[in-house]
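Trainee: I'm new to this one. Could you walk me through it, question by question?

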Amino acid sequence: MRAGGGAARRRGGTAAGLFGAALLVVGTVLTSGGAYAQPSPSPGGHSAGQGEDGDHDGQGGRDGKKDDHGKGGKSRPGDSPSAGPSTTPARRAAQPGATSPTAAGSAAPGTRPAPAPGTVLAAVEGGAGTAVPTAQGLQQALAAALADRSLGEVTVAVADAGTGQLLYGSGENTPATPASTTKLATAVAALSLIPGDTRLHTRVVRGADPSAITLVGGGDPTLTALPADQVQIGGQPADADTAPASLDLLAQQTADGLKNIGVTSVRLDYDLSLYAGSPQHRNHDAQNIALVVPLMVDEGRVDPKSREDAPDRVADPAAAAAEAFAALLRARGVAVTGKVAPAAAPAPSGAIPLADVRSPTVSRLVERLLTTSDNQLAEAIARQVAIAAHQSASFEGAAAAVTQELTRLGVPMGNAVLNDGSGLHPGNAIPPAVLVRLLVLAASEQHPTLRPVLTGLPVAGFTGTLNKRYGSGSGATDAAGLIRAKTGTLSGVNTLAGTAVDADGRLLAFAVMTRTTAPADTARAAMDRVAARLTTCGCH
């Protein structure tokens, strides 16, 4: 079938029907053993936390220059991460009742009716029975869009998400700067190595002297000092599954524990021994990313309520968190004497616990870091990969651990170079075919634990870093809701990698990688049109 000729063959015959096939309402998490109910947070287990930026992939710095993954401007209203992983394999019939992405016609994305919470893109039932797109058909469908000069140097790969078969490529094995699509590698490695229901603990333990206590960083950058009613993630209130751990609750537990043993005055230090190496990213700017340390609150933001995409970060996130904790103890009648400082040695494994709060599950954290392109959280999760792989919890150790795990999964990492977990490093290099392979793994019925990689991808025109894309005038409006993709932006670099439902209901995985001198918004719109072409043809 020629490009565009498959539109009439959409299953159900309407955009609303296809959107219903693309979005599933979910409520449980898949594990290698099958579906299980999402664990409820234990009483006091975690409370609410900071707001999250809408797009960490845009223009970095306040001078407006395109440098990293953050934007100097305000975040976007209505951004919210997808809720949960699917209870079903990737290839399953959709549940009815999904909102049509075309209900608002060509209205701007912010005015469209948003999809129901907790949605995940899945292949349409019967899509596997349709004819497979051909290389010739895809080439014809994509030729005009790929010829757009604003893309500059462009490479692309398209695969059948169900079979993993590479259907079309142009420079697909050539390494290119992935920018924030690097987070796909981090996410897949994390969910492969770490049980999805794992939570990151921030603890307080007693020293040998009952009046000495240590605040132990557990690698949770989402720990918050905000009250529960002020918590937002992606501009939306946090729910029970996504609410971060509360520093206030940790202080209350500690004060109660000290009261029970008759202690009213303490010396406080803090333990940062979980991580190794330099905490400073090569592209550290105290906006797009803070120092990467295992103890911080509100991701090191100076203003925890800030909606800036690249907010000011405190110079010493660990010290700021410890001082905030000390202030909360004092407010509860516990005197904190002396200087709050780093611990001279790691807390002993047998230290008596006083308090413990826990992050959302790793599955939820992975979804969040993908939807909002959260650099700080990505680097934290990358270090958890290193710990799980018995590597040094440093930039170098995390990159090695991610590479090692992806290689074990069969991802061809020979031409790939990783230097971090977020994609801020301009020296990262990943071929489009590798990004597509990561997406195919996440869609595979053989790897259900990877499903949050798909549920975390922003929905075109609706959520996260795609919230304001695929709108009126973009030339890609009809693809809103039919594409889920991870974005990536560095200076002169724009990438997009995700999934799309074609006109016959087949789920495709794609990656488009560009290096261009065109303005970022122009290049992004051109990439969006490339991806949109996949939704308008059967490409046979």
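What follows is a chat about sheets, charges over rings and a cavity.

Mentor: Before we start, this is a predicted model, where local features need pLDDT of at least 70 and side-chain atom pairs count only at pLDDT 80 or more, while totals for chains, interfaces and linings use all residues. Residues are numbered from 1 along each chain as its sequence is written, and side-chain values use heavy atoms, with hydrogens and water left out.

Trainee: Which strands stand at the edges of the open sheet in the order 6-5-16-15-14?

Mentor: Strands here are DSSP runs of E, at least two residues, numbered from the N terminus, and two of them pair if DSSP finds at least two bridges between them. In this five-strand sheet the pairing is antiparallel. Two of its strands have a single partner each, so one side of each is left without a neighbour: strand 6 (166–170) and strand 14 (483–490).

Trainee: What residue in the turn between strand 5 and strand 6 has a positive phi?

Mentor: Strand 5 (residues 153–160) meets strand 6 in the antiparallel sense over four bridges, with Ala157 partnered by Gly169. The two form a hairpin with five residues between them, and the one in the turn with a phi of about 85° is Gly164.

Trainee: Over how many bridges do strand 14 and strand 15 pair?

Mentor: Strand 15 covers residues 493–501. One bridge joins Arg484 to Thr499 in strand 15. The pairing is antiparallel, and the number of bridges is eight.

Trainee: In the sheet ordered 12-11-8-7-13, is the pairing mixed or antiparallel?

Mentor: Strand 12 (335–342) and strand 13 (353–361) are at its edges, each with one partner, so each has a side without a neighbour in the sheet. Strand 11 (residues 265–271) pairs with strand 12 in the parallel sense over five bridges, and Tyr270 has Pro342 as its bridge partner there. For the five strands of this open sheet, the pairing is mixed.

Trainee: Which ring has Arg383 over its face at 4.1 Å from the centre?

Mentor: A charge sits over a ring if NZ of Lys or CZ of Arg is within 6 Å of the ring centre and within 35 degrees of the ring normal. Arg383 has its charged end over the ring of Tyr275, at 5.5 Å from the centre. At 4.1 Å, the ring is that of Phe395.

Trainee: How many nonpolar residues line the second largest cavity?

Mentor: A cavity is a set of points on a 1 Å grid over the protein atoms alone where a 1.4 Å probe fits but cannot get out, and lining residues have an atom within 4 Å of a point. This one holds about 40 Å³, and its lining includes Tyr275, Val292, Met296 and Asp220. Ala, Val, Leu, Ile, Met, Phe, Trp, Tyr, Cys and Pro count as nonpolar, Asp, Glu, Lys and Arg as charged, and the others, Gly among them, as polar. Beside two polar and one charged, the nonpolar residues number seven.

Note on methods: On a 1 Å grid over the protein atoms alone, a cavity is a set of points where a 1.4 Å probe fits but cannot get out, and a pocket is an open set with protein on both sides within 12 Å along at least five of seven lines; lining residues have an atom within 4 Å of a point. Grid points are joined across faces, edges and corners, and a volume is the space filled by probe spheres set on the points.
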